[in-house]
Amino acid sequence: MKNKINIVWFKRDLRLSDHPPLKHAFASSLPTLLIYNFEPILLQDPHYSARHWRFVYQSIKDMNNQLARFNTKVYYFNCDMQMLLNNISEQFDIDTIFSHQEIGLEITFKRDIAIKKWCNKQQIKWYEFPTGAVIRGSKNRDDWANKWHKTMQSELAVPNWHAVNSLPLQHYQAPLLPLEFTQINDNFQIGGAKHARNLLHSFFNERGKGYQKGISSPSLSQVHCSRLSPHLAWGNISIKQVYQQAIEHYQTKKSGWRRPLSAFISRLHWHCHFMQKFESECSMQFSPLNSAYQHFPYRQDKQVELDLQRFANGQTGIPIIDACMRCLKHTGYINFRMRAMLVSFVTHHLNISWQQVSLILARYFLDFEPGIHYPQIQMQASVTGINTIRHYNPIKQSQDQDTQGLFIKTWCRELTKLPVEYLHQPWQQTPMEALFNDFKLGEDYPLPMIDLTQASKKAKQRLWQYRERPDVISAIAQILKKHVNMHNSKQQLKLDE
């Protein structure tokens, strides 16, 4: 007779604290098997790259270091999810599966539908718990902000580790993963709750004081932003844990801290807001929120692929764009202002569809989170119809946010010989000045792939004309009804002063 067990299925919740599935599984008298699956459908998906799976692998190692004292571990696999559950069911009698709801891509949504059918057929219970404050099946935003606050202020789900009933998996052999997943790469942040906690500590005790001043700078943001985004995306720490610590520090910190902490807390609200938007409108992975933009006149010429390749490799000939893309490719991180500028550059200046740039950036963002990624891409691409058209001028952003060109010099080493007045626009040099600077545009650094002034002029005309179309305007009412609380459309965070 097979032993009856429970399973905790880890997905984007790679932590051992504030974890409802673990808490409820341990509350049962049954042994619990902890699993993670490097699913082939995800490893092959174009949104992901080795940097993501390295972070996941590091997170699992961190969890297993903590679990060693309880004589248990997270077992990881590399196979089809239904096949994995079938194999486990051959050895054990599965009573219940516990997991978080995943605000994921279409492939994970379809996978979950298939697993649900399998569970029903096998008479196995599957309990899914909400991710953060995201409400599955929500059809509008009525009272959503209040529910968010209640969720964030509720007690953490602390598993009873004294009740752990460990379960060894016989004949288990860890799958052989690619070296890219298992070897350390010092260019990227390291996964795991330990690193998340260290970041949280340093942010609230030192780095966060410069949050507001540094958030828009591609250099300063690397120090003064929390840098928690990949840890939140992969669940090394919960949004509730971060929120509660932020509130605690907000209430106790003295001069110079309250404004940056208030701004930081508002972004935690913003984090869940966009995930809720995607949960309520998951078609955003493929289609614009405003259906009228389905036929927006993006380029279809043969040069598009070459232009995207230049963009992805940081070879556009526009220093701030190239520096951002090289940094992103090399480290997996760039701040929000620069991300918005990158999307604007491709979708506005180059007039290439948001769907195409979204995949490039998803592969580069270590903190790729589908529920934030697609609503943000669409907003910055100006295809929602309800948001302000955000058309970024790369040169202005460069001069404002990297005044001395330190970020550009770090990532575009071929430009270090130029004086700062030409660093942002090397094509502005006269032939005599270029000779004096020992610099040959087109050889030392690429010629700009477009005339920014002309491209910007055409983009603004194209965007604003399309925005005034009757079909764009007529779609707005339904969008607002579904995604905005009409009784409190600003959805502002209220903090006691």
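These legends go with a set of close-up views of a predicted model.

**View A. Strand 4 sits between two parallel partners, strand 1 and strand 5.**
Let's start with the strands. Strand 4 covers residues 93-100 and runs parallel to strand 5, residues 125-129, with five bridges joining the two. Two residue pairs are handy for finding your way: T96 has K125 as its bridge partner in strand 5, and S99 is partnered by E128. To get from strand 4 to strand 5, the chain passes through helix 5 (residues 106-122), and this β-α-β crossover is right-handed. Strand 1, residues 4-10, also pairs with strand 4 in the parallel sense, again over five bridges. Look for V8 here, whose bridge partner in strand 4 is F98. How much of strand 4 is buried? Seven of its eight residues are, so the strand is largely enclosed by the rest of the structure.

**View B. A salt bridge links D93 with K4.**
Staying with the same strands, this view turns to charged side chains. The closest N and O atoms of D93 and K4 are 3.1 Å apart. D93 belongs to strand 4 and K4 to strand 1, so the pair ties together parts that are 89 residues apart in sequence. Neither side chain needs much searching for: D93 is partly exposed, with a relative accessible area of 30%, and K4 is partly exposed as well, at 37%.

**View C. R136 meets E128 in a salt bridge.**
You have already seen E128 as the bridge partner of S99 in strand 5. Here the side chain of E128 meets that of R136, with an N to O distance of 4.0 Å. E128 is partly exposed, with a relative accessible area of 27%; R136 is also partly exposed, with a value of 37%.

**View D. D367 and R339 form a salt bridge between buried residues.**
Are these two residues buried or exposed? Both D367 and R339 are buried, and their side chains meet at 3.0 Å, N to O. The pair links distant parts of the chain, 28 residues apart: D367 is in the loop between helix 17 (354-364) and helix 18 (370-381), while R339 is in helix 16 (residues 336-349). In total, the structure holds 18 salt bridges. Some join into a network, in which K11, E39, E102, R111 and D112 are linked.

**View E. Y36 is one of the best-connected members of the largest nonpolar core.**
This core has 96 residues, and the ones that touch the most other members are F10, Y36, F311 and F345. Helix 3, residues 50-67, gives the most to the core, with eight residues. Which residues does Y36 touch, leaving out those up to four places away in sequence? They are F10, K11, L14, W53, V56, I60, V74, Y75, Y76 and F77. Elsewhere there is a second, separate core of 29 residues, whose members include F203, I215, I239 and I247.

**View F. Helix 13 is mostly covered.**
Helix 13 takes in residues 258-280, and 17 of its 23 residues are buried. A quick check on its length works out nicely: at 1.5 Å a residue the helix should span 33 Å, and its end C-alpha atoms are 33 Å apart, which agrees.

**View G. N313 lies in the loop between helix 14 and helix 15.**
Helix 14 covers 303-312 and helix 15 covers 319-331. Leaving out residues up to four places away in sequence, N313 touches R326 and K329. The C-alpha atoms of N313 and A323 are separated by 9.9 Å, with the two residues 10 places apart along the chain. N313 is partly exposed, with a relative accessible area of 31%.

**View H. N71 and R227 each have a positive phi.**
Most residues other than glycine have a negative phi, which makes this pair of loop residues worth a look. Phi of N71 is near 55 degrees, and that of R227 is about 65 degrees. N71 lies in the loop between helix 3 and strand 3 (74-77), where it is exposed, with a relative accessible area of 64%. R227 lies in the loop between helix 10 (221-224) and helix 11 (229-233). At 15% relative accessibility, R227 counts as buried, because the cut-off is under 20%.

Conventions. Residues numbered from 1 in each chain as written. Predicted model: local features only at pLDDT ≥ 70, side-chain atom pairs only at ≥ 80, totals over all residues. Heavy atoms only, no water. Pairing = 2+ DSSP bridges. Helix = DSSP H or I, 4+ residues; strand = E, 2+ residues; numbered from the N terminus. Right-handed = clockwise from strand over helix to strand, strands pointing away. Core = buried A, V, L, I, M, F, W, Y, C linked by side-chain atoms within 4.5 Å. Buried < 20%, exposed > 50% of the residue type's maximum accessible area, 1.4 Å probe, protein only. Contact = heavy atoms within 4.5 Å. Expected span 1.5 Å × (residues − 1).
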